[in-house]
Structures are given as C-alpha cells and as structure tokens.
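Here is a friendly walk through one model, meant to be read with the structure open beside you. We will begin at a single loop and work outwards from there.

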Amino acid sequence: MQPPFRSRRRVLARSSPTSQGMSRRSLRGSLHSTLLVTIAKGVQVLDYDLHCHSNISDGTLTPTELVDRAAERGVKVIALTDHDDMDGLDEARAAALRHGMTFISGVEISVSWRTHTLHIVGLGIAPEYPPLAEGLCGLRSGRGARAQKMADELARAGIGGVLEGAYHYAGNPNMIGRTHFARHLVEAGHCKDVKSVFNRYLVKGKPGYVPHQWAVLADAIKWIRGSGGVAVLAHPGRYMSGRVGMGKKTMHELLAEFVECGGQAIEVVTGSHTPEQYAEFARYAEEFDLLCSCGSDFHGPGESYRDMGRLPDFPLGCRPVWEAWENNA
Ligand code: AMP
Ligand code: MN
Ligand code: MN
Ligand code: MN
C-alpha cells in the first residue's frame with residue numbers, strides 16, 4: 001500500500017502564519033494546508049535535489065553539465081555532493097547562478113562503522129573549513145593504494161590489466177573508486193552494465209572487493225557540523241548485512257550514535273529507496289527527531305536509479321531538511 005504523501009516542495013509565496021510561536025506539529029499541519037491551497041492557485045513551487053555526483057568523484061558529467069541537466073529538468077535547489085571531495089563546488093555554484101537556481105555546497109563522506117561502509121552527506125558546508133578539507137584529503141589519499149589492490153585481486157581472478165582502464169574513467173585521479181573499475185569492466189566486455197559488475201566483482205565477498213578503512217562516524221559529523229553544515233545519513237536502506245538490510249536493532253544503534261554525534265537528518269526519498277522504504281525511514285525520522293532529506297543520487301545518464309528532477313514526495317509528517325537553513329535565513 002502506498003503511504004500518504006506530502007509535497008516535498010516548498011511554496012515560494014508562503015502566506016501567514018509564520019513559524020513564530022507555533023509548535024513544530026501545528027506548523028507542519030499549517031504548512032501542509034497552505035501548500036494545498038497555494039498549489040490550487042498555481043503558485044510556483046521548488047524542486048529540491050540534495051544528492052548528486054559530478055566527474056569530480058564518480059559521476060560522468062562535469063559539474064557544469066550536471067547543473068545544466070538539473071536546470072533543464074526543473075530542479076530549483078541543488079546540492080552537489082561528490083564523494084570525499086569538494087573541488088566541483090565552485091564550478092557547480094557558478095552554473096547554478098547562471099540558471100537562477102539556489103546552490104547548496106555539499107559532500108558525501110565515506111565512513112566505516114562496525115562492519116559497514118556508510119555515507120554521510122554534508123549540506124551547507126564551508127569547504128574552506130580546515131578540519132573538513134584536511135579530513136577529506138586524508139580519505140582520498142588511501143584510494144590510490146586501494147585501487148592498486150583491487151587491480152591485483154581482479155588479476156588473481158583472471159582479469160588482468162584493469163588499473164589503467166579504471167583511471168581512464170576517473171575525471172579526478174585522486175578519487176579513483178569502484179565505479180571507475182565497473183565502467184572499464186563493462187567497456188572491456190566482462191559484464192553488460194555497471195550494476196552487474198558490482199554484483200559479480202566489486203561487493204563484499206566478491207573477487208575485486210578490497211576492505212578499506214574510511215572516516216570514523218563521529219569525525220565525519222564533526223567536520224560537517226564544524227563547517228556549519230547539516231549531517232545527513234545517506235540512503236539508509238542500502239546498508240546491508242549479506243543479502244538483507246542491516247536489521248532494526250543495528251539501525252536503531254546506528255541512529256542513536258548518529259544523533260549522539262550531532263547528526264541531524266536522514267535521507268527518506270533517494271533514488272535507491274522503494275516507496276515502502278520512504279515510509280520506513282520517515283518513521284525512523286519521527287522516532288529520532290530527524291529532519292528528512294531527498295536527492296536523486298544521480299551519477300550519469302543511463303547509469304543511475306533515477307534521473308534528476310521531480311522526485312516522489314515525502315510521506316506525511318516529514319520535516320524537510322531545508323527547514324535547517326531556511327528558518328535561519
Ligand atoms: P567507492 O567509494 O569507491 O567504494 O565506490 C562507492 C560507489 O560505488 C557508490 O557511491 C556508488 O556510486 C557505487 N556503488 C556501490 N555499490 C553499488 C552497486 N551495488 N551497484 C552500483 N553501484 C554501486
Ligand atoms: Mn557514487
Ligand atoms: Mn552513497
Ligand atoms: Mn551518492
């Protein structure tokens with residue numbers, strides 16, 4: 001059954017009441033009804049995409065091409081969230097400005113937590129904040145050696161000479177990652193698409209998987225918060241224990257630690273979640289008093305779960321993450 005949806009978009013010309021003196025719950029109710037009335041009157045609404053990648057990490061488009069595509073597809077507020085690197089932000093911001101879009105500086109930080117690799121998105125970060133810039137620099141520095149090991153492991157499994165091919169796909173050699181290997185292996189005819197390469201070679205338990213130590217959860221959140229950003233747990237439905245999700249008990253422990261460390265939001269609507277997962281993580285958001293985020297996690301045409309542009313609405317009751325910066329404006 002489909003959960004009830006509330007619009008993920010914000011009404012531009014919001015009529016009173018304002019947030020002053022209102023409880024969160026009554027504010028939610030009033031925003032929702034204001035929204036319905038205002039949509040009926042045809043007032044412009046905003047489309048948010050707060051998670052996507054350029055070729056500064058493992059996307060296929062340049063930051064400019066990515067923002068141009070988002071603009072064409074109706075996105076009005078965009079956050080570029082490359083993995084462990086902020087070098088695309090200036091170019092993306094300039095492109096967003098040309099389109100009259102609102103630009104949010106973002107990043108997606110790789111974290112090792114227990115046996116899991118987690119991704120923590122930072123929204124509204126200040127890239128010049130030294131602990132953040134230095135922390136990410138440290139994370140990137142391990143990628144070259146990891147790539148070499150991946151190539152060695154694949155060679156042992158009978159697929160030789162892939163390192164050069166993978167680097168050919170890396171727009172930024174410091175950010176070489178599994179996706180670049182996957183693209184090369186598709187081109188070399190080993191699998192029909194990127195997804196199949198991951199399933200066959202690059203996930204835990206497969207021949208080309210190399211375990212890696214990423215950032216500590218508390219550090220990643222500290223870098224984001226210290227730079228003025230909001231820390232968001234990315235695509236929580238993707239963290240697996242074998243073939244199934246990490247399980248309720250572990251998810252509870254993760255969210256408790258995330259909040260304890262200063263985490264403020266969770267991705268509810270993301271390209272890789274099902275509608276059931278929108279509802280599931282909206283419930284976790286409510287339980288842990290977290291804001292809710294949405295983004296396509298777009299990596300390139302034809303390669304991603306979903307394209308940029310109109311995403312499904314949040315389930316009813318979600319407090320959108322943009323309240324964190326729009327209420328402070
Ligand atoms: P890395 O940081 O090098 O470990 O690469 C992580 C990236 O690989 C993710 O951000 C995704 O873009 C991609 N990825 C991870 N798992 C899969 C999968 N099962 N199918 C397709 N892409 C994946
Ligand atoms: Mn990626
Ligand atoms: Mn991710
Ligand atoms: Mn991502």
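R114 lies in the loop between strand 4 and strand 5. The model is predicted, so please read every value below as computed from it. R114 is not a glycine, yet its phi is positive, at about 55°. Most residues other than glycine have a negative phi. Is R114 buried or exposed? With a relative accessible area of 53%, R114 counts as exposed, because the cut-off for that word is over 50%.

D84 makes a useful companion. D84 also has a positive phi without being a glycine, at about 50°, and it sits in the loop between strand 3 and helix 3 (89-98). D84, however, is buried, with a relative accessible area of 0%.

**The chain as a whole**

The protein chain has 329 residues, and 52% of them are buried. The chain holds 12 helices and 11 strands. Of the contacts between residues at least 6 apart in sequence, 74% join residues at least 24 apart. The accessible surface comes to about 14,700 Å², and carbon and sulfur atoms account for 51% of that area.

**The sheet**

Seven strands form an open sheet in the order 2-3-4-5-6-9-10, with mixed pairing. Which strands stand at the edges? They are strand 2 (48-49) and strand 10 (291-295); each has a single partner strand, so one side of each is left without a neighbour in the sheet. Strand 2 runs parallel to strand 3 (residues 77-80), and two bridges join them. Within this pairing, D49 stands opposite I78 in strand 3. Helix 9 (residues 217-226) packs on the sheet and touches strand 4, strand 5 and strand 6 (230-233). The direction of helix 9 makes about 165° with that of strand 4.

**The nonpolar cores**

The largest nonpolar core has 72 residues, and L50, I78, I109, V111, L255, I266 and V268 have the most contacts inside it. Strand 4 (residues 102-113) gives the most to this core, with six residues. Let us look at V111 more closely. Beyond its neighbours within four places in sequence, V111 is in contact with H116, T117, L118, I120, W214, A215, V216, L217 and A220.

A second, separate core of 19 residues includes I159, A182, L202 and V210. Helix 8 (residues 194-202) is worth a look here: V194, S196, V197, F198, Y201 and L202 are buried in it. Helix 5 (143-156) and helix 7 (178-187) are among the elements that cover these buried residues. V197, which is in helix 8, is buried with a relative accessible area of 0%. Not counting residues up to four places away in sequence, V197 touches A182, L185, V186, C191 and L202. The C-alpha atoms of V197 and H184 are separated by 9.7 Å, although these residues are 13 apart along the chain.

**The manganese sites**

Two of the manganese ions are set side by side here, each with its donors and its separation from the manganese ion (ligand 2).

| Ion | Donors | Donor distances | Separation from the manganese ion (ligand 2) |
|---|---|---|---|
| Manganese ion (ligand 3) | E108 (OE), H119 (ND1), H235 (NE2) | 2.1 to 2.2 Å | 5.5 Å |
| Manganese ion (ligand 4) | H51 (NE2), H53 (NE2), E108 (OE), D297 (OD) | 2.1 to 2.3 Å | 4.6 Å |

E108 is a donor to the manganese ion (ligand 3) and also to the manganese ion (ligand 4). In sequence, the donor residues of ligand 3 follow the spacing E-x10-H-x115-H, while those of ligand 4 follow H-x1-H-x54-E-x188-D. E108 is in strand 4 and H119 is in strand 5 (residues 116-123), 11 residues apart.

How buried are these donors? E108 has 0% relative accessibility and counts as buried. H119, at 15%, is buried as well, because that word applies under 20% relative accessible area. H51 and H53 are also buried.

Strand 4 is a good place to finish, with E108 in the strand that gives the most to the largest core, and with the loop that holds R114 lying between strand 4 and strand 5.

Notes
Residues numbered from 1 in each chain as written. Chains lettered and ligands numbered in written order. Predicted model: local features only at pLDDT ≥ 70, side-chain atom pairs only at ≥ 80, totals over all residues. Heavy atoms only, no water. Core = buried A, V, L, I, M, F, W, Y, C linked by side-chain atoms within 4.5 Å. Buried < 20%, exposed > 50% of the residue type's maximum accessible area, 1.4 Å probe, protein only. Helix = DSSP H or I, 4+ residues; strand = E, 2+ residues; numbered from the N terminus. Contact = heavy atoms within 4.5 Å. Donors = N, O, S within 2.8 Å, 3.2 Å for Na, K, Ca; no water. Areas by Shrake-Rupley, 256 points an atom, 1.4 Å probe, with all protein chains shown as cover. Pairing = 2+ DSSP bridges. Axes fitted to C-alpha atoms, helices over the stretch in contact; angles between N-to-C directions.
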